Amino acid sequence: MITVSQALAHLFDLVAPLPVEEVPLISASGRVLARDVRAGRDQPPFAASSMDGYALKAEEVERDAMFKVIGEAAAGHRFEGQVGAGQAVRIFTGAPIPEGANFVLLQEDASRRSDVITITGDPGSKANIRPAGGDFTAGTVMSAPRRLTPADVALLASMNIAQVPVTRQPVVAILSTGDELVMPGEEPGPDQIIASNSFGLHAMLRDLGALPRLLPIARDTMASLHTAFELAADADLIVTIGGASVGDHDLVATAAKQIGLQQSFYKVAMRPGKPLMAGQLGDAAMIGLPGNPVSAMVCGHVFLAPMVRTLLGLEHKSAPSKKAMLAEDIKANGGREHYMRAIVRDGAVTVFDNQDSSLLTVLSQANALLVRPPHDPARKAGDSLSYLPI
Ligand SMILES: Nc1nc2c(c(=O)[nH]1)N[C@H]1C(S)=C(S)[C@@H](COP(=O)(O)OP(=O)(O)OC[C@H]3O[C@@H](n4cnc5c(N)ncnc54)[C@H](O)[C@@H]3O)O[C@H]1N2
Ligand code: MOO
């Protein structure tokens with residue numbers, strides 16, 4: 001059996017960043033910026049008022065001073081003239097500051113009679129002016145790669161970038177296998193259960209920014225598996241679930257090899273996830289996950305997520321871990337790297353008593369996988385250990 005990091009190295013050999021495509025800004029959120037982009041203009045493009053009030057000269061600002069209002073500046077409509085001594089321009093938030101003015105008096109601090117204002121409040125020393133280029137200047141760079149957030153989309157819009165270069169989203173085919181499986185909502189027979197981890201992986205892949213595609217459940221026959229693989233032919237990554245172990249009905253690897261799978265490895269020294277398998281199938285990478293629901297989801301966090309991030313042109317490394325203090329003593333680990341379902345609360349980590357790889361109730365309560373290296377000795381409360389947030 002190979003180690004988790006050896007398995008990851010093999011998986012990274014199977015994937016590379018996908019090509020760049022341009023999408024309209026409206027579709028850019030959640031996509032990965034593929035090339036650096038530069039602002040085409042300054043923002044704001046002119047010194048602008050940050051308040052509604054009167055633009056005038058700062059040197060003349062004092063209580064009871066009087067000014068003649070000579071015009072108006074609104075957002076989108078500048079005042080074309082010059083503000084002279086003893087003069088003011090009525091101004092609104094976002095409007096360009098007129099020539100000659102360097103201060104905006106809040107309207108709450110002025111009283112107006114006809115075209116004359118008097119400073120009645122304490123105007124303070126803040127000019128209430130946003131400088132030209134105060135947010136960004138022409139040429140300011142947004143660096144790639146970067147998964148675009150809603151805030152990034154707003155910034156790109158402000159930079160006047162209407163078409164955004166992004167990495168193509170990987171199409172990931174998800175194939176559940178097994179005679180015992182039916183779809184959620186169906187009426188299962190007495191020996192049947194509901195396909196679950198395929199939906200969990202679909203959700204995980206969508207969150208990662210991939211385009212997951214759920215295939216129909218394949219039965220435990222060569223014909224059914226071959227048909228399913230044909231349906232996955234245009235995927236960038238094919239994820240099978242189940243049929244990976246040593247039983248008489250575990251046919252996935254045999255079926256894939258019959259249609260040309262170049263297998264890179266089979267079996268990893270980890271728990272759960274031991275019967276993991278991967279290779280190249282046509283133009284796609286293929287990864288065969290064990291069927292136990294928690295095993296498949298743990299492999300999703302440990303292997304699928306780094307593969308998808310690589311396809312998207314993001315970082316090319318294992319899932320990022322954090323450190324927490326053990327809340328209670330735990331026993332020594334066996335020979336496989338153990339990803340223990342756990343809860344991290346206030347910096348302390350507690351593992352669940354029952355670590356069986358079929359328990360979705362436990363996985364759903366967990367927010368962490370405590371990572372125990374092979375043969376990790378018994379640990380005491382207070383020891384600092386690594387975990388993957390999930
Ligand atoms: N003699 C041995 N038996 C087993 C070994 C072994 O080393 N020697 N390894 C065990 C381990 S560890 C795992 S993990 C499982 C993996 O088995 P498979 O990948 O072949 O998975 P299946 O047998 O098809 O299913 C296992 C379990 O999970 C359920 N399942 C499968 N797919 C789904 C799905 N999409 N949604 C929900 N549940 C699913 C399935 O009904 C089984 O209960 O093998 C052990 N055996
Ligand atoms: O490796 Mo299996 O995934 O332990 O349950």
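These legends walk through several views of a predicted model of one protein chain with its two ligands.

**View 1. The whole chain, before we zoom in.** The protein chain holds 7 helices and 28 strands. Its C-alpha atoms fill a box of roughly 95 × 50 × 40 Å along the principal axes. The radius of gyration is 31 Å, whereas a compact globule of 390 residues would come in near 21 Å. Of the 390 residues, 38% count as buried. Take contacts between residues at least 6 apart in sequence: 69% of them join residues at least 24 apart.

**View 2. Helix α1 and what covers its buried side.** Helix α1 spans residues 4–13, and V4, A7 and L11 are buried in this helix. These three cover an arc of only 60° around the axis, which puts them on the same side of α1. An α-helix has 3.6 residues a turn, so residues three or four places apart point the same way. On the face turned away from the buried side you will find the exposed residues S5 and D13. The cover over the buried residues of α1 includes strands β20 (262–266), β21 (270–271), β22 (277–281), β23 (284–289) and β25 (337–345), together with helix α6 (293–311).

**View 3. T310, a meeting point for distant parts of the chain.** T310 sits in helix α6. Is this residue buried or exposed? T310 counts as buried because it has 21 C-beta neighbours inside 10 Å, and the cut-off for burial is 20 or more. Look next at A16: it is 294 residues away from T310 along the chain, yet their C-alpha atoms are separated by 6.1 Å. Beyond its neighbours within four places in sequence, T310 is in contact with F12, V15, P17 and H316.

**View 4. Helix α4 and its packing partners.** Here we move to residues 222–231, which form helix α4, with L225, A228 and F229 buried. Their arc around the axis is only 100°, which puts them on the same side of α4. The face turned away from that buried side carries A223 and E230, both exposed. Strand β15 (171–176) and helix α5 (252–258) are what the buried residues of α4 pack against.

**View 5. Two separate nonpolar cores.** In soluble globular proteins, nonpolar side chains tend to be buried together. The largest nonpolar core in this model has 81 residues, and L175, I238, V239 and L370 touch the most other members. Helix α6 gives the most to this core, with 12 residues. Keep an eye on L370: outside its neighbours within four places in sequence, it is in contact with M340, A342, V349, V351, L385 and Y387. A second, separate core has 22 residues, among them L56, F79, I91 and I129.

**View 6. The surroundings of ligand 1.** There are 26 residues around ligand 1, and those that come nearest are G242, A244, S245, P290 and G291. Helices α3 (197–208) and α6 each supply at least two residues of this shell. Sorted by class, the shell has 10 nonpolar, 13 polar and 3 charged residues.

**View 7. The surroundings of ligand 2.** Which residues surround ligand 2? They are R271, P272, G273, K274, P290, N292, S295 and S357. By class, this shell divides into 2 nonpolar, 4 polar and 2 charged residues. If P290 looks familiar, that is no accident of labelling: P290 is also among the residues that come nearest to ligand 1.

Notes
Residues are numbered from 1 along each chain as its sequence is written. Chains are lettered from A and ligands numbered from 1 in the order in which they are written. This is a predicted model: local features need pLDDT of at least 70, side-chain atom pairs count only at pLDDT 80 or more; totals for chains, interfaces and linings use all residues. Helices (H or I, at least four residues) and strands (E, at least two) are DSSP runs, numbered from the N terminus. The radius of gyration is taken over C-alpha atoms; the globule rule is 2.2 Å times the number of residues to the power 0.38. A residue is buried if 20 or more other C-beta atoms lie within 10 Å of its own, exposed if 12 or fewer, and partly exposed in between; C-beta atoms are placed from the backbone. Two residues are in contact if their C-beta atoms, placed from the backbone, lie within 7 Å. A residue is near a molecule or strand if its C-beta atom, placed from the backbone, lies within 6 Å of it. Ala, Val, Leu, Ile, Met, Phe, Trp, Tyr, Cys and Pro count as nonpolar, Asp, Glu, Lys and Arg as charged, and the others, Gly among them, as polar. The arc is that of the directions from the helix axis to the C-beta atoms. A nonpolar core is a set of buried Ala, Val, Leu, Ile, Met, Phe, Trp, Tyr and Cys residues joined through C-beta atoms within 7 Å.
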